Amino acid sequence: MNEKLIEEAKVYIQEIFKNNSDGHDANHSLRVYKNALQIAKEYPDCNMMTVALSSLLHDVDDHKLFATKDNMNARQFLKNHNIDNDDIEFICQIINGVSFSKNKERQPQTIEGKIVQDADRIDAIGAVGIARTFAYGGKAGRTLESSLRHFNDKLLLLKDKMNTQEAKRIAESRHLYMEEFLSEFQKETKI
């Protein structure tokens, strides 16, 4: 892997997400990157550089955060670093396959796409997923109760939507933690 390019991508996401506090920040992208590399170790035939760049750049054009079109931020970063046009298209295809709301029932066709989608979904569950849910809910003006609906609408579904065996393994304990949290929340808020 081109470590210099990876470091430059990390600097880029720190800059582009510097004012974000809703759970879609640079640390989220770094966790997705870490998750993706962990999953990718189980698939030696995958293109690690593609997985790394796709995971780091997966939210730089997220429709909830930016008004860009056609992956403009990701494309510009990749073009500025002399990435081949075919590789840029492949990375953008992977990025476009990550979003849960846009790809509910669609599974990526490539192992790289499956890995990055799983890596993002893993960061949406467990303790970090709980924290991100309430950070985003606060920014969007949601009540605690309204943020809790997100668990039934999305988070509790993710364990069964993982593409890879490694992601399924990781998701198990995170899913259980969310169930325990919801049970405790119900006990504490019962009137």
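In this predicted model, S54 is found in helix 3, which runs over residues 48–57. A helpful starting point is how much of this serine can be reached from outside: its relative accessible area is 0%, so S54 counts as buried. When neighbours within four places in sequence are set aside, the residues in contact with S54 are I91, I94, I95 and V116. Of these partners, V116 is among the buried residues of helix 6.

Helix 6 is a good place to look next. This helix is twelve residues long and spans 16 Å between its first and last C-alpha, close to the 16 Å expected at 1.5 Å a residue. Most of helix 6 is covered, with ten of its twelve residues buried. The buried set takes in nonpolar residues such as I115, V116, A119 and I122, and it also holds the charged residues E112, D118, D120 and R121. Together, the buried residues of helix 6 pack against helix 2, helix 3, helix 5 and helix 9.

One of those partners, helix 2, can be described in a similar way. Helix 2 has 15 residues, and the distance from its first C-alpha to its last is 21 Å, close to the 21 Å expected at 1.5 Å a residue. Its buried residues include H28, S29, V32, Y33, N35, L37 and I39. The packing partners of the buried residues in helix 2 are helix 1 (3–16), helix 3, helix 6, helix 7 and helix 9.

Such packing leads on to the nonpolar cores. The largest nonpolar core contains 27 residues, and the ones with the most contacts inside it are I39, V51, I115, F151, L158 and M162. Two or more residues of this core come from each of helix 2 (26–40), helix 6 (111–122), helix 8 (144–153) and helix 9 (165–189). The biggest share comes from helix 9, which gives six residues. A second, separate core has 22 residues, among them I6, Y33, L37 and I83. Helix 2 thus appears in the description of both cores, with I39 named in the largest and Y33 and L37 named in the second. As for L158 in the largest core, its contacts beyond four places in sequence are F100, R121, A124 and I125.

F100 also provides a link to the open space in the model. The largest pocket holds about 1,000 Å³ of space. Its lining is made up of 44 residues, and D62, K64, S99, F100 and S101 lie nearest the centre. Helix 5 (85–96), helix 6, helix 7 (126–139) and helix 8 each give two or more residues to this lining. Sorted by class, the lining has 20 polar, 15 charged and nine nonpolar residues.

Two loop residues complete the picture through their backbone angles. Most residues other than glycine have a negative phi. D70, however, has a positive phi near 55 degrees and is not a glycine. This aspartate sits in the loop between helix 3 and helix 4 (72–80), and its relative accessibility is 55%, so D70 counts as exposed. N82, likewise not a glycine, has a positive phi of about 55 degrees. The loop that holds N82 is the one between helix 4 and helix 5. With a relative accessibility of 71%, N82 is exposed because the cut-off for that class is over 50%.

How values were computed:
Residues are numbered from 1 along each chain as its sequence is written. This is a predicted model: local features need pLDDT of at least 70, side-chain atom pairs count only at pLDDT 80 or more; totals for chains, interfaces and linings use all residues. Side-chain values use heavy atoms; hydrogens and water are left out. Helices (H or I, at least four residues) and strands (E, at least two) are DSSP runs, numbered from the N terminus. Buried means under 20% relative accessible area, exposed over 50%, partly exposed in between (1.4 Å probe, protein chains only). Contact means heavy atoms within 4.5 Å. A nonpolar core is a set of buried Ala, Val, Leu, Ile, Met, Phe, Trp, Tyr and Cys residues joined through side-chain atoms within 4.5 Å. On a 1 Å grid over the protein atoms alone, a cavity is a set of points where a 1.4 Å probe fits but cannot get out, and a pocket is an open set with protein on both sides within 12 Å along at least five of seven lines; lining residues have an atom within 4 Å of a point. Grid points are joined across faces, edges and corners, and a volume is the space filled by probe spheres set on the points. The expected span of a helix is 1.5 Å times one less than its number of residues.
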